[in-house]
Amino acid sequence: MASSSSYSNPPCAACKFLRRKCLPGCIFAPYFPPEEPQKFANVHKIFGASNVSKLLNEILPHQREDAVNSLAYEAEARLKDPVYGCVGAISVLQRQVLHLQKELDATNADLMRYTGSETSYLNQMTAQFGRMGRGGGGASFNPNSGFPDATYSSQWNNDSNSSEHGGNGGM
């Protein structure tokens with residue numbers, strides 16, 4: 001009957017890897033479940049079971065899960081990049097951010113040049129057609145169409161470019 005109780009609680013991944021009996025107070029059991037044997041294998045290979053055990057015993061219980069997750073992440077990164085570990089991944093990501101920021105700045109500068117030149121053209125066209133419209137029966141100019149627009153001011157249509165007021169929505 002004692003053997004059946006050992007089957008109900010399988011050993012944690014750490015105890016199984018270390019080939020020892022998993023006791024009820026095992027420091028590894030809550031953080032290295034039997035379903036994740038590679039997690040402990042990586043941590044053990046990089047940091048050693050003894051060092052991880054000492055670390056977990058020295059920190060507060062509510063911080064242990066975060067510590068184990070950090071160790072597992074660093075161990076996996078060290079296995080992929082033995083020299084730099086997760087610092088190498090961080091450096092790559094920082095370089096990508098800088099590159100994308102430069103690309104975004106260049107695109108914004110192009111956009112500002114484009115919209116700045118278009119705005120000055122539209123202002124010229126508005127001024128030209130606006131003068132023509134003053135004497136021509138109250139017609140307005142839609143700067144987006146390039147042609148005089150036959151919308152008239154009224155109490156229901158104060159904004160001729162707004163789609164909710166009967167205009168064409170600036171199209």
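## Glu74 in helix 5

Glu74 lies in helix 5, here in a predicted model. Its relative accessible area is 16%. Because the limit for a buried residue is under 20%, Glu74 counts as buried.

Leaving aside residues up to four places away in sequence, Glu74 touches Phe47, Gly85 and Cys86. Of these partners, Phe47 belongs to helix 3 (37-47), and Cys86 falls in helix 6 (86-134).

## Overall fold

The chain contains six helices and two strands. Along the sequence these elements follow the order α-α-α-α-α-α-β-β, with the two strands after the six helices.

Of the 171 residues in the chain, 25% are classed as buried. The exposed surface of the chain comes to about 12,500 Å², and carbon and sulfur atoms supply 57% of that area. Among contacts with a separation of 6 or more, 34% join residues 24 or more positions apart.

## The largest nonpolar core

The largest nonpolar core has 18 residues. The members that touch the most other members are Cys12, Phe28, Phe32, Phe40, Val43, Val52 and Leu56. At least two residues of this core come from each of helix 2 (13-18), helix 3 (37-47), helix 4 (49-58) and helix 5. Helix 5 gives the largest share, with four residues.

Phe40 illustrates the contacts made by one of these core members. Apart from residues up to four places away in sequence, Phe40 touches Ala13, Ala14, Phe17, Leu18, Phe28, Phe32 and Ala49. Two of the residues touched by Phe40, Phe28 and Phe32, are themselves listed with Phe40 among the core members that touch the most others.

## A nonpolar surface patch

Val83, Tyr84 and Val87 make a nonpolar patch of about 320 Å² on the surface. Tyr84 is in the loop that runs between helix 5 (61-80) and helix 6 (86-134), whereas Val87 is in helix 6.

The two residues fall into separate accessibility classes. Tyr84 has 52% relative accessibility and therefore counts as exposed, since the exposed class begins over 50%. Val87, at 47% relative accessibility, counts as partly exposed.

Val87 can also be placed relative to Ala77, which is 10 residues away along the chain. The C-alpha atoms of Val87 and Ala77 are 8.6 Å apart. By the helix limits, Ala77 falls within helix 5 (61-80).

Conventions:
Residues numbered from 1 in each chain as written. Predicted model: local features only at pLDDT ≥ 70, side-chain atom pairs only at ≥ 80, totals over all residues. Heavy atoms only, no water. Patch = residues over 30% accessible without salt bridge, like charges linked within 9 Å, V, L, I, M, F, W, Y side chains within 5 Å. Areas by Shrake-Rupley, 256 points an atom, 1.4 Å probe, with all protein chains shown as cover. Salt bridge = Lys/Arg side-chain N within 4 Å of Asp/Glu carboxyl O. Buried < 20%, exposed > 50% of the residue type's maximum accessible area, 1.4 Å probe, protein only. Core = buried A, V, L, I, M, F, W, Y, C linked by side-chain atoms within 4.5 Å. Contact = heavy atoms within 4.5 Å.
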